[in-house]
Amino acid sequence: MGGENSAPPQLTGADRRRGTFRAGERVQLTDVKGRKYTISLTREGYFQSTRGSFYHRELIGKPEGTVLTTADGHRLLALRPLVSDYVLSMPRGATVIYPKDSAQIIAMADIFPGAHVLEAGLGSGALTLSLLAAIGAEGTLISVERRPEFAEIAQANVCSWYGEHPSSWSVVLGDAAQVLASQEAESLDAVLLDMLAPWENVDAAAHALRPGGVILAYVATTTQLSRMMETIRSSENFTQPQASESLVRTWHVDGLAVRPDHRMIGHTGFLVIARRLAPDTLPLVPTKRPAPGAYAYEPWENMPDADIDAAYERTISEKKLRKVRRDVAHRADVEASGSSAPGPQSAAMARTLEREAAAKVAAQRAHKADAGAEDIGREKRKEE
């Protein structure tokens, strides 16, 4: 029999989104000023803010949509976060794709139930959540990521949302071009590229995509946008690419006082999309003439790859990355036990970080020793 301190049941899929609030799950609180707070409920937890404070046990067992009146008279609305809320509050290693862009990608790339999709650039798993929902249990999603730390964080975020590792999802560490080339020819419905140099994967994507399949790149700068568009055109394997961006502006509506809000979600990235042509088919060539000077030079023509990486790289400090990894491990313990006390996942992560730190120190010492040996050798040669 489960007692008061027994671990909560491990629910998966749709069951995690229904029913009363349970220890171990996330709750989004909203105060009367519209401020939002995301917390993980624990049996011994206590929430404190200037807009109200309460013990978590006062909310555990209550239905979603409860408005809780605190002891000091404040009122807080409690709801489970939507996926659009979750991706903006979850621990992140890489910058997330915003919900407005995820929605556009799902629609523009025609991600349907049962689709076979490859995404390159897993990041923190924000787009992955929406892709898995769109392809359903019958589809397949391959997520390719070069950095193991980012893959670790993304897998923790996705498994936290679904309660398990989805059977339709596989994560591959490595180079996107190699993974695409290893796929069976014409086996994918869509290839989605969120990376520094997506143009490097255009030929490999053409191999893996079925005729009519979609290639879509998410890029941050106009230079990336231009190079991706021209690479797709010059490959002659795709339709003419199209570029777009999405902007979201909310409105203030209070009686007859109706106006746009002063703040909006503006530019986050550009979407480049094209479709795979049938084999041995040449693309339609636009009949309109290009703008004067449009092809006078290519700014990336003589740019070294290292400079391209430096211009486009979205960096994260090692210190922040370690904190994010500890956070996702602790969250997994909270979800499994319903308690805020550190558990096996936190302990395992602590050991992993200790091993990585020791390996880094050893590498630094070896480098210093090699440098010292070189200096000694150089001095001896001078004396001779």
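**Exercise 1. The lining of the second largest pocket**

Task: In this predicted model, find how the residues that line the second largest pocket divide into nonpolar, polar and charged.

Solution.
Step 1. Sort the lining residues by class: 14 are nonpolar, six are polar and twelve are charged.
Step 2. Add the volume of the second largest pocket, which is about 630 Å³.
Step 3. Locate the centre. The lining has 32 residues, and R16, C159, S160, A332 and E335 are the closest to the centre of the pocket.
Step 4. Assign the lining to elements. At least two lining residues come from each of α4 (148-162), α9 (318-337) and α10 (344-383).
Step 5. Pick out the main contributor: α9 gives eight residues, the largest share of this lining.

**Exercise 2. The largest cavity**

Task: Determine how many cavities of 30 Å³ or more the structure holds, and describe the largest cavity by its volume and by the residues that line it.

Solution.
Step 1. Count the cavities that reach 30 Å³: there are two.
Step 2. Take the largest cavity; its space amounts to about 70 Å³.
Step 3. List the lining of the largest cavity. It consists of T95, V96, I97, E119, G121, L122, G123, S124, G125, A126, L127 and D194.
Step 4. Classify these residues: five are nonpolar, five polar and two charged.

**Exercise 3. The second largest cavity**

Task: State which residues line the second largest cavity, and which elements give two or more residues to that lining.

Solution.
Step 1. Start with the volume of the second largest cavity, about 50 Å³.
Step 2. Read off its lining: I97, I105, E119, A120, G121, L127, L192, L193, D194, L216 and Y218.
Step 3. Map the lining onto elements. Those that supply two or more residues are β7 (116-120), β10 (188-193) and β11 (209-219).
Step 4. Divide the lining by class, which gives eight nonpolar residues, one polar and two charged.
Step 5. Check for residues that also line the largest cavity. Among them are I97, E119 and D194, which appear in both linings.

**Exercise 4. The setting of D101**

Task: Decide whether D101 is buried or exposed, and find which residues D101 touches beyond four places away in sequence.

Solution.
Step 1. Place D101 in its element: it lies in helix α2, residues 99-108.
Step 2. Compare its accessibility with the cut-off. Buried means under 20% relative accessible area; D101 has 1% relative accessibility, so D101 counts as buried.
Step 3. Leave out residues up to four places away in sequence; D101 then touches Y218, S246 and T268.
Step 4. Link this to Exercise 3: Y218, a contact of D101, is also one of the residues that line the second largest cavity.

Note on methods
Residues numbered from 1 in each chain as written. Predicted model: local features only at pLDDT ≥ 70, side-chain atom pairs only at ≥ 80, totals over all residues. Heavy atoms only, no water. 1 Å grid on protein atoms, 1.4 Å probe; cavity = no way out; pocket = protein on both sides within 12 Å on 5 of 7 lines; lining within 4 Å. Points joined across faces, edges and corners; volume = space filled by probe spheres on them. Nonpolar A, V, L, I, M, F, W, Y, C, P; charged D, E, K, R; others polar. Helix = DSSP H or I, 4+ residues; strand = E, 2+ residues; numbered from the N terminus. Buried < 20%, exposed > 50% of the residue type's maximum accessible area, 1.4 Å probe, protein only. Contact = heavy atoms within 4.5 Å.
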